[in-house]
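Subject: Structure handover

Hello,

Here is the structure we talked about. My notes on it follow below.

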Amino acid sequence: MSELILGIETSCDETAAAVVEDGVRVRSNVVHSQVALHERWRGVVPEVASRSHTQRILPIIEQALADAGLRAEQLAGIAVTHRPGMVGCLLVGMSAAKALSWLYDIPLLGCDHVQAHIHAAFLADPSMPTPALALIASGGHTALWLVHAPGRTERLGTTRDDAAGEALDKGAALLGLAYPGGPAIEQAASGGDARRFDLPRSLLGPDSLDFSFSGVKTALLYLLRGPGALAAPPVLSAEDVRDYAACYQQAVVDVLVTKLARAVQRLPVRALCIGGGVARNLLLRQQIAAHPQLQGLHLVLPPGELCADNGAMVAALGSLLLRQGQHSGLDLDATATAQTGSKAAVR
Ligand code: KG4
Ligand code: ZN
């Protein structure tokens, strides 16, 4: 008989629920984005986000079950993101998950959000060989991971300041582009000259697998408003915006791809996968596929809906936890920070 897991995700500004069968087949995947609520602040406002999760969570779960043609009683497990994220947001999904778990006596499976992003690669391609290298780049996280096996990971490097998505969001704000900035920059950059302006690629020395994106953001600010940002914001032509966007996107992508190539040179990986909202970026995908040092690797570039925040990745990871007997108690806590390694176990 097949094993059906409900995955619930409310760590940031997506209210999401999904049903995954046997850890690999997505039976339903419902996502409600709060972008419209947060765009006037150009960032996620925690209280606004958790209030919206509270209003949406039950209909979203009902929709995920209905789309899968299921009743809650038929579930084998209820997986929920319990870290990292905004605690008030995490608690909404966790409360719903705990209530369902208690009511129907179904195992509760607490999942780490970043581990779920990594595990989405196995959902997109169950044949992905290991060891694999994973790049998870989103608005809140940017890190390289070594995936020893499904659910057994080790962090190789992380950002020392901004996440890649955060840098794109802030760069877009400087250029007067829409929120969220990643897709806005990608769109604005189309046809732009990516060599017109000089922007730094911060590699943190020859050996580091860490990232830093605060410098490129400041460099864009100073290009636009002079040293120290003392000048008034310039009036930019459409062509200027296009070229700035193209240069900025290229600088961020170059750093991500360079670090991937650096890690591949050092580690005997057989596959490379990406996840997180920034992994939707087409330039990043193209440059990974075309990079000479990444040739020969089994590439897993999951579809956009599995890269951005979703419940299916949580359900898939939950399925693994269930098989490993790693159930959570109803005392499962919400935690703001991510785990930094999971070589022994995922939780
Ligand atoms: O994983 P995600 O949906 O939520 C977080 O956990 O943060 O990632 C959102 C981030 C935002 O910073 C957004 O600007 C970025 O992913 N993003 C993109 C693209 N789509 C979303 N960045 C570059 N290109 C895209 N197409
Ligand atoms: Zn995420």
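Which side chain has an N or O atom 3.1 Å from a nitrogen atom of ligand 1? The side chain belongs to N281. Please keep in mind that this is a predicted model.

Ligand

Ligand 1 has 20 residues around it, and those that come nearest are G139, D169, G182, E186 and G277. Besides the N281 side chain, whose N or O atom is 3.1 Å from a ligand nitrogen, two backbone positions are worth listing. A polar backbone atom of G140 is 3.4 Å from an oxygen atom of ligand 1. For V278, a backbone N or O atom lies 3.5 Å from an oxygen atom of ligand 1.

Domains

The protein chain splits into two parts: domain 1 covers 4–118 + 306–323, and domain 2 covers 130–301. To the contact between them, domain 1 gives 16 residues and domain 2 gives 22 residues. Taken over C-alpha atoms, the centres of domain 1 and domain 2 are 27 Å apart.

The size of an interface is often given as the accessible area lost when the parts come together. Here domain 1 and domain 2 bury about 1,400 Å² between them, and 68% of that is on carbon and sulfur atoms. On the domain 1 side, the residues that lose the most area to domain 2 are R42, I118 and C307, which together make up 45% of what that side buries.

As for polar links, the rule finds zero salt bridges across the interface of domain 1 and domain 2. It does find four residue pairs in polar contact across that interface, with both residues at pLDDT 80 or more.

Two helices, α1 (35–38) and α4 (113–124), each supply at least two residues of the side of domain 1 that touches domain 2. The largest share of that side comes from α4, with five residues. By type, the residues of the side of domain 1 that touches domain 2 are eight nonpolar, five polar and three charged.

Backbone

Most residues other than glycine have a negative phi, and most peptide bonds are trans. Three places in this model depart from that pattern.

- R83 to P84: the peptide bond is cis, with omega near -25°. P84 sits in the loop between β4 (77–83) and α3 (87–104).
- T130 to P131: this peptide bond is also cis, with omega about 0°. P131 is in the loop between α4 and β6 (132–137).
- D22: phi is positive, about 50°, although the residue is not a glycine. D22 belongs to the loop between β2 (14–21) and β3 (25–33).

Regards

Definitions and conventions: Residues are numbered from 1 along each chain as its sequence is written. Chains are lettered from A and ligands numbered from 1 in the order in which they are written. This is a predicted model: local features need pLDDT of at least 70, side-chain atom pairs count only at pLDDT 80 or more; totals for chains, interfaces and linings use all residues. Side-chain values use heavy atoms; hydrogens and water are left out. Domain bounds come from an automatic or database domain assignment. Contact means heavy atoms within 4.5 Å. Buried area is the accessible area (1.4 Å probe) that two parts lose on being put together, summed over both. A salt bridge is a side-chain nitrogen of Lys or Arg within 4 Å of a carboxyl oxygen of Asp or Glu. A polar contact is a pair of N or O atoms within 3.5 Å; within protein, one must be able to donate a hydrogen and the other to accept it, and residues adjacent in sequence count only if both atoms are side-chain atoms. Helices (H or I, at least four residues) and strands (E, at least two) are DSSP runs, numbered from the N terminus. Ala, Val, Leu, Ile, Met, Phe, Trp, Tyr, Cys and Pro count as nonpolar, Asp, Glu, Lys and Arg as charged, and the others, Gly among them, as polar. A residue is near a molecule or strand if one of its heavy atoms lies within 4 Å of it.
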